[in-house]
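Here is a short report on one protein model. Please keep the sequence and the 3D view at hand while reading.

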Amino acid sequence: MDQMHQTHQFEPVYDENSLVLILGTFPSVKSRENRFFYGHPQNRFWKVLAELTGEEVPLTIPDKKQLLLSHHIAVWDVVYSCDITGSSDSSIRNVVSCDLTPVLQESRIRAIFANGSTAAKLYEKYQRKQTGMEIIPLPSTSPANASCSLDKLKKAWSVIADYLQQDEE
């Protein structure tokens, strides 16, 4: 498979009540086809968030947006455009980063989480200086991260639920 230049095809999900921002790297092939985040059926992102929020696993894009917004969670990616081979984060080259300014200015984001170490590294390289905010790396929900069980993911990602609960107090 050849490396191709790709540009992000869909907008971030957030509103004025969003408190945490989860950043991925760049949409997978399946997500690009579906035009929405974490579209690969084996990606565990939606299962993990459903568990953390006490909701059913959302199946449609409107249901996914509703789950995020009703729990004050924003989702976006670090990379706006890049050269990439398939869905491989390790192949990402020639990065143009997403502008996080609108998300941060139009919401109440107080914590940023990375869905995987590559997202965290790219954020540190391209966006940390601009935002001035630390990123909290979490294990990737990607099916490529098969060494991390769903239970381990849920436990690691529970920091988000803990953070949202602290904010409500």
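The sections below go through the sheets, one helix, two loop residues, the cysteines and two selected side chains of this predicted model.

## The antiparallel sheet

An open sheet is built from 3 strands. Their order is β1-β4-β5, and the pairing is antiparallel. The edges are taken by β1 (4–7) and β5 (93–97). Each edge strand has a single partner, so one side of each has no neighbour in the sheet. From one strand to the next, the twist averages 10°.

Strand β4 covers residues 79–84. It is joined to β1 by 4 bridges, and the two strands run antiparallel. To find the register, start at methionine 4, which stands opposite isoleucine 84 in β4.

## Glutamine 6 in strand β1

Glutamine 6 lies in β1. Is this polar side chain's residue buried or exposed? Glutamine 6 has 18% relative accessibility, so it counts as buried; the cut-off for buried is under 20%.

Leaving out residues up to four places away in sequence, glutamine 6 touches Phe26, Arg32, Tyr80, Ser81, Cys82 and Ile84.

## The parallel pairings of β6

Strand β6 spans residues 111–115. It is mostly covered, with 5 of its 5 residues buried. Ala111, Phe113 and Asn115 point one way from the strand. Ile112 and Ala114 point the other way. Both sets are buried. In a regular strand, side chains alternate between the two faces of the sheet.

Strand β2 (residues 20–24) pairs with β6 in the parallel sense, over 4 bridges. Strand β7 (residues 135–138) is also joined to β6 by 4 bridges, and these two strands run parallel. Which residues does alanine 114 of β6 face in these pairings? In the pairing with β2, alanine 114 is the bridge partner of leucine 23. In β7, proline 137 stands opposite alanine 114.

## Helix α3 and its two faces

Helix α3 runs over residues 61–70. Its buried residues are Lys64, Leu67 and Leu68. Viewed down the helix axis, the buried residues fall within an arc of 95°, so they line one face of α3. They pack against α2 (45–53) and β3 (73–77). The face turned away from the buried side carries the exposed residues Pro62 and Gln66.

What caps the N-terminal end of α3? Threonine 60 does, with a side-chain oxygen 3.1 Å from the backbone nitrogen of aspartate 63.

## Positive phi outside glycine

Histidine 72 comes just after α3. It sits in the loop between α3 and β3. Its phi is near 65°, a positive value in a residue other than glycine. With 24% relative accessibility, histidine 72 counts as partly exposed.

Tyrosine 38 also has a positive phi, near 55°, and it too is a residue other than glycine. This tyrosine lies in the loop between α1 (29–34) and α2. Tyrosine 38 is buried, with a relative accessible area of 12%.

## The cysteines

How many disulfides does a search of the whole structure find? The count is 0. Take cysteine 82. The closest cysteine sulfur to its own is that of cysteine 98, at 9.7 Å, which is too far for a bond. A disulfide needs the two sulfur atoms within 2.5 Å.

Read from the other end, cysteine 98 is in no disulfide, and its nearest cysteine sulfur is that of cysteine 82, 9.7 Å away. Burial is as follows. Cysteine 82 is buried, at 0% relative accessibility. Cysteine 98 is buried at 2%.

## Glutamate 124 in helix α5

Glutamate 124 is found in α5, the helix of residues 117–126. It counts as partly exposed, at 36% relative accessibility. Its side chain makes a polar contact with the side chain of arginine 128, at 3.2 Å.

Another residue to locate from here is glutamate 134. Glutamate 124 and glutamate 134 are 10 residues apart in sequence. In space, they are 8.3 Å apart, C-alpha to C-alpha.

Key:
Residues are numbered from 1 along each chain as its sequence is written. This is a predicted model: local features need pLDDT of at least 70, side-chain atom pairs count only at pLDDT 80 or more; totals for chains, interfaces and linings use all residues. Side-chain values use heavy atoms; hydrogens and water are left out. Buried means under 20% relative accessible area, exposed over 50%, partly exposed in between (1.4 Å probe, protein chains only). The arc is that of the directions from the helix axis to the C-beta atoms. Contact means heavy atoms within 4.5 Å. A polar contact is a pair of N or O atoms within 3.5 Å; within protein, one must be able to donate a hydrogen and the other to accept it, and residues adjacent in sequence count only if both atoms are side-chain atoms. Two strands pair if DSSP finds at least two bridges between them. Axes are lines fitted to C-alpha atoms, for helices over the stretch in contact, and angles run from 0 to 180 degrees between N-to-C directions.
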